[in-house]
Every structure is written in C-alpha cells, then in structure tokens.
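Colleague: I have the file open and would like to go through it with you. Can we start in the middle and work outwards?

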Amino acid sequence: MAEPTAYPKKVLYCGVCSLPPEYCEFGGTVKKCEEWLKSNHPHLHEKLYSQEALEQNLSSLSLEAQKRAEKDAQKKAAKAASAEAKAQAERASSKVLIKRIERNKRKYVTAVQGLEHFGLDIKKVAKDFGKKFATGSSVTRIPGGGEEITVQGDLSDDIYDYVIETYKDVPEDNVECVEDKKKKAAG
Amino acid sequence: MFKKDITPGAKSKVKSSAQRAIRAKVLEQYPLLEPYIDDILPKKDQLDLVKLPDRVSLYTLGSTPLFFQHMDDPLLPHLALVHKYPDCFHRLRIDRGAIRFVLSGATLMAPGLTSPGGRLPNDPEDEEGRYGKEELAPGEVVVIEAEGKENACMVGVLKMGTEEMKKAKKGQACEAGHYLGDGLWGLSLG
Ligand SMILES: [Zn+2]
C-alpha cells in the first residue's frame, strides 16, 4: 500500500464562498470566486478554470443534464445577486445607535447597537473597544432580540469617532448618538 | 439536517471523563483515525460542546468543529475534519451530475453512485481501492466524494446497503447529513 500523505492534509478554501475552490462552480458566486482565486492562487486558478478543465466538466454530462445544470446555475446566481442587493439595502437603511446611559450619578455606560448590519462581528468589535479605550466592554442581549455592546464609561463621542474612522463600511450618516436618561418612567 | 442557516446555542465544557468517552467512541467508530487521535483530540485540550437546533450536539476544539451527533446517534465527522484525514473514513463517490443535488441538500439517490461516474466498494474501475473492498450496510456513516473532485462534499448515513444499490440501481441511498455550504459548514464558531 502507498505511504499515506502527511496528515492533516491542508485544504484551501475559497475566500468568497468558503468551499474548496473546485466546488465554486456550483455556487451562485462563481464570477467572484474565480476572481478571488486568480489573484490569490493563480496556479490553482489555471488548473481549475483552464479551457481544458471546463470542457472536461461539460463532457461528462449529457446534453439534457447540461441544460438543467445551466438553468440551475442561473437561478443560483440570481439568488445570490438578490441576497447581495438586499444586504446592501439593509446596510443603507440601518442605523448604528450609540447610547449614553446613566447608571448612577455621574456614572455612565455606553451602549452600541446595530453594527452587525454592516457585516461586523460584534464580539470582535467589543474586544476592540475594550482594547482601544482600556475599559470593560462586553456583548449583552437586548430584550427585544439581538445584541449590543456595552462599554463602561461615557465614551459616546470617542466611540463615534472610532467607529467612523475604523469601519469604513459604516457611513457617517448612519451613526447616531443618543442619550438615555435613567429616569424613564418605569412601566 | 442543516439545510437552513443555524445559530449556535449554548457552549459548554465537556468534562474530562466525558471527553475520554468521546475519544473512545471516535476510535471505535473510526479506527483508522487512531494514528492521528492525539492531534484531533489532544488529551490536555478542552473539548467544548455546542448545542445546535433539533437536538444536535457539535463537539469543537476552540473554533475548530470536529464531530456532531443527533441525540445518541453515531458521531459524524465535520467535513473540515474529513478534508484533513480523507482516507480514514468509508467513502463512496457520486457522478458529476449528482453534485449539485447533494449541494442543495437533497437525499442522495442510488443512481448517482451506480452510474459510470459513481463509485461503490469493489468497483472494477477503482484500481487503487480508494473506495474499499468491504460492502457497507445500511446505517454506516459514509463520506461522499465526487467525480473529478479531490475533496469530499458530504457526510451521511447509508439508507441502503451498497450491495443492494448495485442490484436495484434506484431508490434513496444516503441521507443528507452534512454537506458543503450547509448551515453547519457556514456556522461561525469565532
Ligand atoms: Zn468560491
């Protein structure tokens, strides 16, 4: 028996669709996947997207199956495109709220909501806030569903500046600072 | 099993006694992993259990998913693990035409395995014996590879034995457990 290859085997995954690149052709983002592979792994790109490879892929299917596969691919591409459009629209209409909340007299916490709409990982951002401002920063659940970042201290302005500067995907117009007074009527 | 996107539930530490039991179970189910078990499940590292919807448990090491299990069913390997240790599992191969069905979460049908592009154990076309000499019974965990592809695209449990598939050449062959691009694949464990 042949000597087994060194394990664990290293498998490359597509930076766009996350599958092994040989499977990109079955997803809805083939164009983007191909571009990614071309600029990141030109050798593999040559192998997978050569004329020869493409022809070979087709030759193993019957004509009818080819047509069905093509239709299927178009459907998937349309689905991916509409998902992308939807995400963009959502981004445009989403707001990031930076809330100054009074805890005790002259003690504040700052709550930040809505960053997830801009493709940001809340947990990571919370960590970054903590590092940047050298303060306690955690992710907490919001009663109505979803999560927010709670930062210790009155940092609304600093967070505002930091968010706009660091996360270029978040347009300034979509960020809002508000004040949340503790005396809000209970019930 | 994971056709929809899923959000991971509570994560908890697996007690060391339970961790030993899992290790033993992995070796019992997948004896070929024995040489690598210390890399996959290092004795000293903390194994975590992440609850997923529909009573599925996922075992992870840090942010690396390893095995998942529905209730007390067999442990199934995550595809990322299969990609690392491809020949430690029973594997079959589907023809190219079946790939897109598998990737959309359909139950795998026998013709995808019995057609010229497919491979079952003891296949005369399979000279190097990649797909084994041992016929598999219903209930066996199999890794599904694909014609013209290097890496596996699915992990599932056989609904029909491989001998029967060769005779019948039709019917449901394998339940879609976990496939490339499904909710489990896309799960973020960061
Ligand atoms: Zn891709």
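Colleague: What does A:V112 touch?

Modeller: A:V112 is in contact (heavy atoms within 4.5 Å) with A:V96, A:L97, A:I98, A:F129, A:E148, A:I149 and A:I159, leaving out residues up to four places away in sequence. The model is predicted, so local features need pLDDT of at least 70 and side-chain atom pairs pLDDT 80 or more, while totals for chains, interfaces and linings use all residues; side-chain values use heavy atoms, without hydrogens and water. Residues are numbered from 1 along each chain as its sequence is written, with chains lettered from A and ligands numbered from 1 in the order in which they are written.

Colleague: Where is A:V112 in the fold? And is A:V112 buried or exposed?

Modeller: A:V112 sits in strand β2 of chain A, residues 107-113. Helices (H or I, at least four residues) and strands (E, at least two) are DSSP runs, numbered from the N terminus. A:V112 has a relative accessible area of 1%, so it is buried. The cut-offs are under 20% relative accessible area for buried and over 50% for exposed, with partly exposed in between, using a 1.4 Å probe and protein chains only.

Colleague: How far apart are the C-alpha atoms of A:V112 and A:I149?

Modeller: The separation is 5.1 Å, for two residues 37 apart along the chain.

Colleague: Is there a record for that part of chain A?

Modeller: An unreviewed UniProt entry lists "domain: SUI1" at residues 96-167 of chain A. UniProt positions are in the numbering used here, feature names are shortened, and annotations may be inferred rather than shown by experiment. In the model, residues 96-167 of chain A are 32% helix and 38% strand, with the end C-alpha atoms 12 Å apart.

Colleague: What about the stretch before that?

Modeller: UniProt, again in an unreviewed entry, puts "coiled-coil region" at residues 66-95 of chain A. That span is 93% helix and 0% strand, and its end C-alpha atoms lie 45 Å apart.

Colleague: How is chain A divided into domains?

Modeller: Into domain 1 (21-92) and domain 2 (94-180); the bounds come from an automatic or database domain assignment. The C-alpha centres of these two domains of chain A are 38 Å apart.

Colleague: Now the metal. Which residues coordinate the zinc ion?

Modeller: The sulfur atoms (SG) of A:C14, A:C17, A:C24 and A:C33, at 2.2 to 2.3 Å. Donors are N, O and S atoms within 2.8 Å of the metal, or 3.2 Å for Na, K and Ca; water is not among the atoms, so sites may look incomplete. Along the chain the spacing of the donors is C-x2-C-x6-C-x8-C. The pair A:C17 and A:C33 links distant parts of the chain, 16 residues apart: A:C17 is in the segment before α1 (30-40) of chain A and A:C33 is in helix α1. A:C33 is buried, at 1% relative accessible area.

Colleague: Why is the arrangement around the zinc ion called tetrahedral?

Modeller: Because the four donor atoms subtend angles of 106 to 112°. Four donors count as tetrahedral if all angles lie between 85 and 135 degrees.

Colleague: Over to chain B. Which side chain does the side chain of B:H83 make a polar contact with?

Modeller: That of A:Y13, at 2.7 Å. A polar contact is a pair of N or O atoms within 3.5 Å; within protein, one must be able to donate a hydrogen and the other to accept it, and residues adjacent in sequence count only if both atoms are side-chain atoms. B:H83 lies in helix α3 (residues 79-84) of chain B and is buried at 1% relative accessibility. B:H83 touches residues including A:K9, A:V11, A:P20, B:L180 and B:W185, with residues up to four places away in sequence not counted.

Colleague: And how is chain B divided?

Modeller: Domain 1 of chain B is 11-84 and domain 2 is 89-179. Their C-alpha centres are 24 Å apart, and twelve residues from domain 1 of chain B and eleven residues from domain 2 of chain B take part in the contact.

Colleague: Any odd backbone angles?

Modeller: Most residues other than glycine have a negative phi. B:D54 has a positive phi near 60°, and B:R55 one of about 55°. B:D54 is in the loop between β2 (47-52) and β3 (56-61) of chain B, and B:R55 also lies in the loop between β2 and β3. B:D54 is exposed at 62% relative accessibility, and B:R55 is exposed at 61%.

Methods: Tetrahedral: all angles 85-135°; square planar, octahedral: opposite > 155°, others 65-115°.
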